[in-house]
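New to this one? Have a look at the sequence and the 3D view first, and then we'll walk through a few parts of it together.

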Amino acid sequence: MSHHAEVTDPQGPPHVHHMDSTTAYQAAKFGMWLFLATEILLFGGLFCAFALFRWTYLEEFHHASKHLNVWMGGTNTIVLIISSYFAAMAVDAAQHGDNKKVVRNLTVTIICACGFLVIKYFEYSSKYHHGLFPLNPEFNSPEFNKAYQSFFALYYCMTGLHALHVIIGMCLLGWVISLARKNRFSGRYYTPVEVGALYWHLVDLIWIYLFPLLYLVG
Amino acid sequence: MFRYLPEQASTFAPDVDWIHHWITDISVFFTVAIFGAAVLFAIIYRRRDGKDHKTPQILGDHKLEAIWTVVPTIICIFVAVEGLLVYRDIRTPPDKAMELSVTADQFSWSFEYPNGKKTLNEVTVPVGEPVRFTMRSKDVIHSFFVPAMRVKSDVLPSIFTRVWFEPVKTGRYQGYCTEYCGAGHSTMLFSVNVVSGAEYDRWLNDDSQEFMMSRMGAEEKGMALYEQQNCITCHSVDGSRKVGPSFAGLWGKKEKLTDGTEVTVDENYIESSIVNPNLQIVMGYGPLMPSYEGQLPIEDIKALISYIKSLEKTTIAPASADPVAAAPVDRSKLTPPELGKLLVQEKACGACHSVDGNKLIGPTFKGLYGRKGKLADGSSYEADDEYLKHSILEPMAQVVEGFAPSMPSFQGQLSEEEIASIIAYIKTVN
Amino acid sequence: MSTATATGEKKNYLNEHTGIWSWIYTLDHKRIGIMYTVTLFMFFFTAGIFALLMRYELMHAGPSGLMTPDQYNQLFTLHGAIMVFLFIVPGIPATLGNFLIPLMIGAKDVAFPRLNLLSYYIYVAGAIMALVALSSPVDTGWTFYTPYSIQTGQGVVLMTGAAFVLGFSSILTGLNFVVTIHKLRAPGMTWMRLPLFIWAAYATAAIQVLATPVVGINLFLLIIERTMGIGIFDPKLGGDPVLFQHLFWFYSHPVVYIMILPAFGIIAEIIPVFSQKPIFGYKAVAFASLAIALIGFFVWAHHMFLSGISDTSAAFFSIITFAVAIPTAVKVFNWVSTMYRGSIRLDTPMLYAISFIFIFMVAGTTGIYLATLGVDIFYHDTYFVVAHFHYTMQGGAVIGMIAGLHFWFPKMSGKMYSETTAKIAFILIFVGFNMTFVPQFVLGMHGMPRRYFDYPPEFESLHFASTIGAFANGLGYALAILNLAYTALFGKTKAGRNPYNSLSLEWQTDSPPIHDNFEVTPIVTDWTYGYGEPIKGQSHH
């Protein structure tokens with residue numbers, strides 16, 4: 001079975017037998033943009049559900065939102081923006097062939113992502129201790145305010161799905177780092193860095209919409 | 001035309017069938033014409049002796065494309081519009097329709113009549129009278145379908161839905177549940193029994209034992225709840241204005257809301273006001289009603305609705321008529337404090353702010369102007385012009401100590417001049 | 001590098017690498033297309049057998065004794081879910097699309113071959129989940145409406161989970177095709193020279209990418225609701241059951257265009273070849289595909305006219321639904337005009353194509369009844385709807401697929417099938433299909449609701465006729481597919497490069513094609529439909 005992609009130039013684009021390297025680069029970018037569109041539609045459904053419930057239960061959502069820690073959420077927003085900045089800087093470094101800088105910058109991005117998840121862990125566990133968690137029987141009982149239930153259900157779905165995408169992004173960028181450590185990138189080939197950074201920017205963007213909607217409604 | 005459609009048992013059945021026949025005629029014509037052309041071409045232009053004959057390289061024809069785009073469009077517009085008109089009739093019950101209540105569950109239909117009588121899986125109605133069904137499900141989504149009447153609607157557990165029809169001949173007509181609802185879906189049938197007016201009256205008032213028990217109509221139950229659940233504290237039934245709108249004449253009224261939209265008071269609006277009261281507030285009233293979510297089962301809500309419906313024609317006691325609706329005033333002739341007093345009445349500030357020194361939900365206006373004190377956050381305030389204006393526009397920003405942050409903002413509802421006149425009025429309250 | 005295998009046969013994509021692992025790890029779009037075809041038809045026949053079991057039950061009024069009402073409900077759910085998610089949605093794109101798209105545009109493969117193989121395995125994973133779900137069969141209908149789907153027994157999570165996984169396969173295939181068509185066209189293959197199948201595949205792929213995520217999140221929320229008891233859709237917990245319907249149909253209406261657009265593309269390929277004449281109105285047909293895809297995103301609530309939506313919403317959705325009928329009608333007119341003064345060759349693919357015209361006229365015009373609000377009140381949730389969507393989905397999408405499989409069979413296998421057997425199968429399918437569903441239109445006119453285990457006795461003769469038709473229909477499909485499968489494995493008659501004298505690129509290379517599709521990358525100088533004697537003053541660039 002022949003190799004699908006042979007690497008003849010250690011810092012150049014892999015040779016793919018069915019298209020030239022310029023087309024391959026353009027195809028990869030286009031493909032990632034299309035994938036980002038699907039992610040936006042995925043979260044879009046959740047945003048629609050949130051909008052509907054918020055319109056119906058405006059005041060309860062107002063109050064429920066006060067249970068969320070705006071400082072933690074705000075810090076997470078800053079953390080993600082910083083992580084995106086470093087991802088963008090990594091693309092620039094890759095274009096200039098500075099693989100070591102790529103590794104450094106993306107490592108900062110991943111550290112920020114870890115920070116995000118740590119803060120998220122603290123948020124979730126504090127909710128858990130307050131009993132504001134769907135598996136908690138008191139939360140699920142018919143006496144518990146229905147609008148609160150809906151708010152928190154959506155809160156966990158949206159932030160949970162987002163956190164899953166953070167983890168996926170971290171894995172993706174980790175793979176890019178492993179390539180950079182082998183000195184893979186140059187001005188002739190930096191597709192994985194660019195495509196990985198694009199994905200990371202979307203993860204950031206989704207949080208930038210989630211944060212005001214969930215935390216600042218109160 | 002083939003008569004495969006059921007008999008036309010309602011007033012609008014012939015209209016539905018009329019469009020149906022039109023669509024059939026158009027469809028059959030085009031199908032025969034187009035498929036006929038294809039078959040014709042396949043025959044007369046077929047290859048002979050296994051060899052292709054010469055073909056012309058015809059690429060297209062703009063005129064033809066235009067014709068066969070425009071003509072179907074016109075036909076579609078015609079059909080769509082006719083369909084909309086019939087739909088509008090089917091969805092708009094006449095005002096004097098008799099009201100019946102329908103409850104669907106897995107797997108039966110129960111019907112309730114205006115006098116409280118209940119029947120199961122069969123409904124009796126008089127011929128020649130429009131009847132309106134208000135429907136609700138106890139569990140999953142069902143659908144109420146009577147083919148001979150040409151009506152159908154899903155029956156939901158979350159809101160009320162409605163159908164109406166006017167039967168034109170007596171007889172027994174089949175009804176089906178037509179939204180899949182589980183194992184018994186295909187057994188969930190019912191009958192619509194259309195009888196003469198006289199026979200209906202006789203049947204309805206049949207005082208047989210088994211339904212005497214359910215005779216306490218929904219209205220009486222609703223009235224009992226009105227007192228037990230303390231609706232009486234804020235809502236009168238004689239037209240006088242209390243904290244909330246009076247129930248007299250409320251049913252079917254078109255109310256203007258605080259957000260500028262309009263709503264007609266129907267079952268869904270009343271239910272929504274009971275479980276989620278601050279979503280749609282009538283203009284001139286404050287967001288003060290507590291929610292009864294989880295406290296009143298749907299049967300009680302239905303009973304309250306019946307009670308409110310029964311007050312539709314109650315005349316309003318003139319002495320305590322809504323002052324706002326009383327003789328309109330020429331505002332340009334009022335002094336600022338007079339205008340302020342009128343606005344205070346219109347905007348229902350009195351629901352929370354007394355003028356006689358009593359502590360209500362908000363601070364009293366008596367002696368308010370110039371008062372100094374502490375705010376909820378510990379800082380101090382002085383009730384001067386700027387503070388009062390700020391309280392009207394951004395009430396949550398500086399709340400007086402000992403009071404809750406529950407005043408709504410009047411941003412966008414009052415002009416600068418009006419705010420100044422209110423402040424002028426408050427100055428006079430001593 | 002020799003062009004012959006060890007046995008002296010010319011090398012092609014089938015014999016170049018042998019052994020099961022060469023298939024399991026293949027990156028060749030043609031082999032992936034074949035694997036999809038085999039897997040998909042296994043599920044087609046499974047779901048088809050469920051349908052025949054149902055039709056047996058419905059043949060006479062009263063219970064047959066073969067099944068309980070619960071089992072009947074499970075059968076119609078599984079029939080629908082398997083047919084939709086495991087057969088028709090992957091359908092033509094995964095099978096013929098995978099095989100043909102690179103060939104038709106002059107490329108060596110799709111843009112992302114590894115992603116393509118991944119799509120296939122994600123499909124297999126979803127299929128396995130669905131098979132496991134059969135152990136605790138769902139009975140909600142393939143539409144999974146809440147609140148019933150929240151309350152009912154087990155099985156819902158597994159089945160909706162399977163559909164969720166299958167959605168990813170669809171998204172990734174669509175993504176792959178969009179990028180391929182944009183980026184990998186051979187030199188000279190401009191947009192206006194593309195075969196109409198490619199235009200259709202492109203519009204389809206766009207829908208796959210944009211619509212599927214919404215049903216993904218909808219089913220995800222349903223699963224969370226069932227497992228964790230939160231209240232998004234359940235009214236007892238403050239949720240809204242109609243929200244489920246909105247999110248569901250936002251995908252499930254565009255999905256029917258995913259099903260039918262490629263079939264339209266196939267008909268647009270067959271008719272010019274078997275008339276040896278250019279397609280009439282190329283631009284109109286090409287843009288009609290895009291228009292249908294676009295407008296199709298705005299009509300979803302026509303499935304919900306009676307669900308409690310406002311009268312204004314209903315009016316809006318009714319009018320837009322009429323709008324989507326127009327480009328469809330335009331296509332049909334252009335196909336028939338193509339046949340005018342052609343040199344018509346009545347082989348099996350052309351017979352299917354001509355029958356498609358009849359079937360789709362019925363499908364489309366019966367849709368008009370349902371779009372018309374006053375009439376939909378009567379027909380919604382009756383057998384009329386069941387007949388309508390079987391005309392579009394089976395008569396349209398499936399027959400389109402069978403037509404395409406017959407047309408391109410010589411290219412895919414290098415062999416010719418028996419025309420006689422194929423024509424007999426065609427007659428069985430056409431007669432059986434119409435006999436199954438015409439009585440169902442009549443049942444709908446009588447007001448018979450759908451999803452009924454049993455019915456009033458006066459409907460029995462129509463149901464009986466429908467059942468007879470269904471068995472004939474099933475026999476026809478079995479014969480058609482067996483004919484092709486048998487010929488592929490054991491057939492002897494060689495096909496040659498271009499048995500039907502087509503000008504399209506896939507027919508200018510070997511049958512079966514070599515691994516890289518073309519010996520030399522083609523340079524395209526003319527469009528795909530340059531048949532016949534040119535007319536002065538008219539030319540297509």
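## How chain B is divided

Keep in mind that this is a predicted model. The domain assignment splits chain B into domain 1 (13-48 + 58-91), domain 2 (98-213), domain 3 (231-310) and domain 4 (323-428).

## The nonpolar cores

The largest nonpolar core has 330 residues, and the members touching the most others are Phe152(A), Trp109(B), Phe133(B), Phe144(B), Val192(B) and Trp335(C). Helix H9 (residues 241-275) of chain C supplies the largest share of this core, 22 residues. Over in chain B, domain 1 (13-48 + 58-91) and domain 2 (98-213) both give residues to this core, so it lies between them.

Take Phe144(B) as a sample: setting aside neighbours within four places in sequence, its contacts include Trp109(B), Phe133(B), Tyr176(B) and Phe190(B). There's also a second, separate core of 26 residues, with Cys231(B), Phe247(B), Ile281(B) and Ala303(B) among them.

## Where domains 2 and 3 of chain B meet

The C-alpha centres of domain 2 of chain B and domain 3 of chain B sit 27 Å apart. Their contact takes 9 residues from domain 2 of chain B and 8 residues from domain 3 of chain B. About 720 Å² is buried between these two domains, and carbon and sulfur atoms give 44% of that area. On the domain 2 side, Arg136(B), Phe160(B) and Arg162(B) lose the most area, together 61% of what that side buries.

The rule finds 5 salt bridges across this interface. Glu99(B) and Lys309(B) form a salt bridge, with their closest N and O atoms 3.7 Å apart. Strand E1 (98-105) and strand E5 (131-137) of chain B each give two or more residues to the domain 2 side, and E5(B) provides the largest share, 3 residues.

Notes: Residues numbered from 1 in each chain as written. Chains lettered and ligands numbered in written order. Predicted model: local features only at pLDDT ≥ 70, side-chain atom pairs only at ≥ 80, totals over all residues. Heavy atoms only, no water. Core = buried A, V, L, I, M, F, W, Y, C linked by side-chain atoms within 4.5 Å. Buried < 20%, exposed > 50% of the residue type's maximum accessible area, 1.4 Å probe, protein only. Helix = DSSP H or I, 4+ residues; strand = E, 2+ residues; numbered from the N terminus. Domains from an automatic or database assignment. Contact = heavy atoms within 4.5 Å. Buried area = accessible area lost by both parts, 1.4 Å probe. Salt bridge = Lys/Arg side-chain N within 4 Å of Asp/Glu carboxyl O.
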